[in-house]
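New to this one? Take a look at the chain below, and then we'll walk through it together.

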Amino acid sequence: MAANTTAESRSICISIKNLSFSYRKARQAEKFAEESAEGPSLNALDNVSIDIKAGEYITLLGENGSGKSTLISCVNGLLAPPPGAIAVFTPEGVQLDPANKAHLERIRSLTGMTLQNPDLQIIGCAVEEDVAFGPENLNLSKAEIQSRVTNALRAVELLHLRDRAPHLLSGGEKQRLALAGILALDASILIFDEPTSMLDSHSAQTILALFDTLNSQGRTIIHITHNHDEALRSGRSIVLREGKVAFDGVPEAWGELEEWRLGYARKSAGFSGFSSNSSQPSAQFFSASHHYPHPAARSITGIQGVSLRIPRNSTTAVVGKSGCGKTTLLKHINALLLPSSGNVVTLGADTLDKRVNLRSLRFKAALAIQSPESALFEPYVADDVAFGPENAGLKGAKLVQRVKTAMEASGLPFSAFADRETTSLSGGEKRRAALAGALAMDSEILLLDEPLAALDNKNKRRVMELIFEQQAKGKTILVTTHSLEMAAFFDYVAVMDNGRLAAFGPPEAVFGELWNPDWGLAAPKFQNAPPDTTHPVRQSDAPPAPLKSPVQSKHRRKTGKPLFKTAFLGRFLDIDSPLRNLNPLVKMTALFAAGTISIAGSLYAPPVVLLIVLLSGKLLGKIACKTLLRSVVAILPFLLVFVFLQTAFLWGNDASPILFQPFQTGFFSFFSITSAELHRSLAFICRITSLIAAFSLYLAATPLRETLSAINTLLSPLSRLGLPARDIAMMVGISIRFVPLLTEEAERIVTAQISRGGKRGLRSSLAMLVPLLLLSLERAETLANAMLLRLYKTGA
């Protein structure tokens, strides 16, 4: 625990006096509606007064929407507080006001902060470049920058990944990268917004120990958290409730702190646990392995040789370090992924059997994905929740009742949220909406991927109670989680370690006799006194015997076949090849030439360019032609829509022969296809195809850092003229990096659609357009804030 024994003698570094803040007054109500559970018309902060002394370790607690993030955003100037309400003091005692724009750069150099979602604040194209971004803006020497980067990466245990592209990191690794970015700034006040919410227990303990070390070195720590035990590590806790300070003092003195423990949720709900006597398990793994096809092999660890039996009507918590294969395990149960070897049997159906209708199987095994806030694809909440049961054939009053029941159970009152736009929901509300979508499927198996992440304890208890309520109805529930304390209240715990099943059984066995420190998890606090046993170790806890009747070859699906082909555009393949080792300036020149010829050349030029690109990729880059063309296939529905618009209407100067006109008279007589329109459409498709293939090949064979270095070299003459060459290169890099990020978002949306009975097609592709556009805008704005917090300014 961090000590604050000399707090009284320390000087004040942040003083907040009678601070009130309303998003409506700030004209940002829609974006920040989550800061008020009852709507943006209320003050997000109401007469808040707090003094923080230098060197204190403070935990800031409160339910979702209580005003925690608003308070911090006012301190660092991301929001504009009333003048004079906040004072930030330099070590020399100079008073700064975040309401004064002239003071913001100095304030942000004193207050390093991580945002809640690490995905939205990564700036660099490689791990070490992202960490170096802040120090570079301080105009430090190269030696000092390198020293800070190395020390920061070592502190968060990412030094071995310093050359890795950020989009290839796991969620926990991205969280640690965000922490390293602000550690490299060497700020005296460090603000962490739920930094352990997506970390496994070992990584979380490492980060918390780092906080203690930083605090012992004299740094001020402000740690936003929902965690009871993390609050106890600090010397002072401040609790916000509905925008007001509800408590300020030693955490042990807060009478309600014990209620923040999640552990009593099941007992208070009155559930008795596992009660099934069925011999037929819900899911079985028979030496199942899954290997992700290149280039995604490094993004998520697959599963290796997993043998497992999940009894019906049971609850199972799947735990393990970040990237160990927990999500992969869940996706095999509802056949979003198929095993590369071995077998997975769900509700008696082998997922590799061609005679099994996988779409029908998914109606029986609903999945709520790990990042549900990115996967709400319908415009209104009720429509999104209804997506699954509607695909199952439910209509009319029965459909409305199913949706209403699921929303009410998830904590979203139907009358208040049915017609709410999904984009207006807070982060916690989006998670509950995604959970409601899975519940509305009324499936036999419920798969929840990190359902408690970033939720306050009130909503965590609600989700836990909901899990056990579903079990009481006879359902089987599997949940991935980083909380071993939470896992103790499930019937079973499955421990994944580097893709392998390290242990499986009741929690008292896994956290007792089976516990192994080599798993890389922090030992749960009850290890020496395991939870009370509610059932003995059963024979069904043992792994299943080899499958007696494997699927005959003529009925067997292709092993490891992915559900959908991942779009390739924007991904770098680290393959040793002549093309990979070619000077990036030469490759950039070739790309420019290919693009110019494709756009400005004749109709025959694009096919020639495409052929040269595909042959170059195959012979010089060792990249298959189908890999380069995969991105074209992904955007084919949008190309077809454009072609339809090109051919549906007569152009004013089009005198070419009409090839097709189904309606000679009447309202639709305008619809026709002329030879000129057909020529333009074919030319457009050919040009776009060759451009995308050429761009894909360049990015596949060239690391982004080499691209930026080449751009800097090309623009160096502009720097001598005082033009912002660095800014231009950075914007190009961010734009390129957005391509794989948005591809990941599209994959999440498709995953959510298919896991709830959706089909691939034009409708599902078009349904992604609006969510992707809004996510692009949100990412751009959040990234701009992250750059400001790390002291970026034009021309720096």
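Let's start with the outside: the protein chain exposes about 34,000 Å², and carbon and sulfur atoms supply 56% of that area. Keep in mind that this is a predicted model. Of the 796 residues in the protein chain, 56% are buried. The secondary structure adds up to 26 helices and 22 strands. If you take the contacts between residues at least 6 apart in sequence, 73% of them join residues at least 24 apart.

**A sheet to look for**

Which order do the strands take in the open sheet? Reading across, it goes S2-S1-S4-S5, with 4 strands and antiparallel pairing. Strand S2 (45-53) and strand S5 (95-96) are the edge strands, each with a single partner, so one side of each has no neighbour in the sheet. As for what holds such things together, strands of a sheet pair through backbone hydrogen bonds, either parallel or antiparallel.

Now zoom in on one pair. Strand S1 (residues 12-21) pairs with S2 in the antiparallel sense over 6 bridges, and Ile14 stands opposite Ile52 in S2. Lying across S1, S2 and strand S4 (86-89) you'll find helix H1 (residues 68-75), which runs at about 120° to S1.

**What's packed inside**

The largest nonpolar core has 52 residues. Val385, Met407, Leu448, Ile467, Val495 and Phe511 are the ones with the most contacts inside that core. Helix H14 (residues 427-439) gives the most to this core, with 6 residues. Apart from it lies another core, of 34 residues, and Ile16, Leu45, Ile72 and Leu789 are among them.

**Two residues with an unusual backbone angle**

Most residues other than glycine have a negative phi. Here are two that go the other way:

| Residue | Phi | Loop between | Relative accessible area |
|---|---|---|---|
| Asn313 | about 55° | strand S12 (306-310) and strand S13 (315-320) | 10% |
| Lys622 | near 60° | helix H19 (605-619) and helix H20 (625-634) | 53% |

Are these two buried or exposed? Asn313 has a relative accessible area of 10%, under the 20% cut-off, so Asn313 counts as buried. Lys622 comes in at 53%, over the 50% cut-off, so Lys622 counts as exposed. Asn313 sits in a loop between two strands, whereas the loop that holds Lys622 runs between two helices.

Note on methods
Residues are numbered from 1 along each chain as its sequence is written. This is a predicted model: local features need pLDDT of at least 70, side-chain atom pairs count only at pLDDT 80 or more; totals for chains, interfaces and linings use all residues. Side-chain values use heavy atoms; hydrogens and water are left out. Two strands pair if DSSP finds at least two bridges between them. Contact means heavy atoms within 4.5 Å. Axes are lines fitted to C-alpha atoms, for helices over the stretch in contact, and angles run from 0 to 180 degrees between N-to-C directions. A nonpolar core is a set of buried Ala, Val, Leu, Ile, Met, Phe, Trp, Tyr and Cys residues joined through side-chain atoms within 4.5 Å. Buried means under 20% relative accessible area, exposed over 50%, partly exposed in between (1.4 Å probe, protein chains only). Accessible areas come from the Shrake-Rupley method with a 1.4 Å probe; for residues, only the protein chains shown count as cover.
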